[in-house]
Amino acid sequence: MVNRFKLSMFDRIYVVPFIVLAVAAVVYAISGMIAGLPTSWTLELITILGCVMCAYLRFPSGRVSGLPMLGVTVTLLSITPPQSEYLLSVAIWSVGLLISQIFVLRSVAVALYAVGISTVGGFAFVIVHNDLARADVWPLVAYILASGAYFASALLIEFIRARGRWSIDRTFGLSALSPMRVAGVVLLVAVVATIMNALDTAVIPWLERDSGDRLSPLVVLLAATLFLVIGQWTRFRRVHQRLSGVVSAAVDLPWATEGGLRKALELRAKMVLQAGETEVRTRPPEHGEIGSRVRLESGVDEYIVASRRLGALPLGGVEQQALTALAHMASETVRIQNDVDKLERRANSDPLTGLPNYGAFQSALIEANENRSYHSGIAVLFIDLDNFKKLNDSRGHHTGDELLKVVAARLRQSVGVRDFVSRIGGDEFVVILTELQTVAQSKELADTIIGEIGMPLTLDGQEFRPVVSAGLAFSGHREIDAQLLVVDADRSMLQVKRSRRQGGPAEGSSVSIASHRSTRTNDIVARAITEDRLTLAFQPIVSIDQGRIWAFEALVRYIDPELGPISPSSLVARAKSLGLMDELTRQIIVKAMDAAEKFYAVEPSIACMTVNLELGQISEDHLGPFIREVAGSHPNVSMCIELNERSLRSVTDDLRREAEIMQDAGVIIALDDYGSDDSSVGALVRFPMDILKIDKSLIDDLGDVRQREVIKALQGFGDNLDYTMIVEGIESPDMVDVMVELGVRSAQGYYFGRPQSFRQTMDRIRNFGTTAVIS
């Protein structure tokens, strides 16, 4: 038989006494049967058959794989034989157990070890039940204690063999053992044993109208049949779970990133196979393991290998098929991803120079604009090769192609690691320069790049010096439309060409700087702030359990007559860069609190207004005194300042004290956007706050039990520490139902109302009061 378990040297030595005990029990049983000792051959043979029928009904004892599986065959010992036959009955029962274990475990040695443990437990079961029965203990209690003795002895033996490593992290401890599962199996055995005993001693004699009539073999067979049915049902359930796991892996594995695919495969294999250990490695499976070939890197063959520890069901043919399927899925995922990557490279690159093409450039420009910090500038350098058509016509296209390749190579070498180079047309190149501080810095870099391009080279045996016209457009802050930078750079490049045609310098490359487009937008924002043109929109915050509005959040808005709406993020970014952030926030606070007083006059139960601030603004040097003064001048309503959770990473002891002073002055402090990518638990415990606002990204998939548990835990955290928790991003009644189920009491989102102007908000309050949801 092939051993499907990994056995250490300690395991091999430890199991020997129990194998000897099992062999002794089998020998004693055979000799006893030959000597004709059993009073009921039918009962003993049915017991052996029953053990085989119960073979596949096994329950896990722990929360992780590797802990012992609990069987129910001890139930067949519950039909009490004559006093003198206890020892022989257990031995004959051990024979049936050995036959069944050989079928299940597919290893004679491991089966003998399992039988040895069970024999010890079987004697404990019979002795405890016998003593309790003589003491007239209620049968169910007697069987519970006897079953407990059986499983306790077996688990103790296995705990010693595992050297006490029964904790979740495989260290010494019992955290991986599930007392509820063990207790459930003990109760199952005790209940069935009690029913069997009642059938044998009371029900069957009553049915047969003979108080001395016994049909013990029939009772044992009925119990074994019951366990057989349950065992087949559990096997079908495990097969179904395994199939579901494979199907789920087929959905999830293709989405795993290249670096995470290896870990995802190991995790999926462990879950689907319920294996003790899984590993992707270069070595093929060894003794006690199953494995399948997998290719997670192009041209590199590896193996996904799985094993189980002694005490669990072995990995067999079904598990091998599932593992092979998982390995094939992972290999196909890599192959398809490589094909997709090749197609993307072809679609997004220039075949001649290998540089990204125009489509890739557009994506890179958007990313560079959106993902830069507020004070990080970018620039677009538009480059055009002069007289390129004349070169092609005079020396041939192969010469022009060679020049394009040289220019592309020089561009790659002359830009920074985070810069981006693209060929967007026949003789046109574009460079995105990043992490800039000033226009002068971008001009200096552009001159260096153009100087590198203009170095002499040899084409067809003749020296040639490339000449280019270039336009540069710099942006010091995030642009509403980054494409306008390309327009400006292109326009400046054309000015250079036009200048040459009109008699300007004909030799040498040159760079023209475009007018600073961001300056115009900055002027518009600065004028809107200094002339107090900003408006506010108000979004309701509601109490779910009461179905009413209890607060509003004030959100800044501005629509320019020429540019149209300017996004709040752009307003904030430009206000920061212009040094007007405190002035912008001051105007928002004044307008928000004035609006709150008007809302309160119509509906007194709406007595809270929240505004967004940067953490540093609460200091004495910025808006601290102003905020406390405004809060004190509006006694009817509460001011809540929302501090972005990400900004708390730079919190100091002084800012913590400022926040406590704010709270003492009656200002409510909310921690906003908790649950976003940069969130940390530290923010919850290191900063004083009254309200915790959960970011909508934390509820984007409420079908995921992990998200629901996190929300429930955070609500419990808030309840214990007397915080109000508000969940943002509620957009449907189904989401409301889930929030109610999780114990959430306050929420905000489009389902309750989009941000509306002051007039629209006032109309809503007058017409509908504090009603949370209106049609």
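The accessible surface of the protein is about 36,800 Å², and 57% of that belongs to carbon and sulfur atoms; the area is computed by the Shrake-Rupley method with a 1.4 Å probe. This is a predicted model, in which local features need pLDDT of at least 70 and side-chain atom pairs count only at pLDDT 80 or more, while totals for chains, interfaces and linings use all residues. Residues are numbered from 1 along each chain as its sequence is written, and side-chain values use heavy atoms, with hydrogens and water left out.

Of the 775 residues, 50% count as buried, that is, under 20% relative accessible area. The protein has 24 helices and 23 strands, which are DSSP runs (H or I, at least four residues, for helices; E, at least two, for strands) numbered from the N terminus.

An unreviewed UniProt entry lists several spans as "transmembrane region", including residues 110-128 and 172-195; such annotations may be inferred rather than shown by experiment. The table describes these two spans in the model.

| Span | Helix | Strand | Distance between end C-alpha atoms |
|---|---|---|---|
| Residues 110-128 | 100% | 0% | 27 Å |
| Residues 172-195 | 71% | 0% | 39 Å |

Helix 8 (residues 216-252) and helix 10 (residues 317-348) have axes that come within 10 Å and cross at roughly 5°. The two helices are therefore roughly parallel to each other, a term for angles under 35 degrees. Among the residues making the contact (heavy atoms within 4.5 Å) are Arg242 and Val246 of helix 8 and Glu319 and Leu326 of helix 10.

Notes:
Buried means under 20% relative accessible area, exposed over 50%, partly exposed in between (1.4 Å probe, protein chains only). Axes are lines fitted to C-alpha atoms, for helices over the stretch in contact, and angles run from 0 to 180 degrees between N-to-C directions. Angles under 35 degrees count as roughly parallel, over 145 as roughly antiparallel, 65 to 115 as roughly perpendicular and the rest as oblique.
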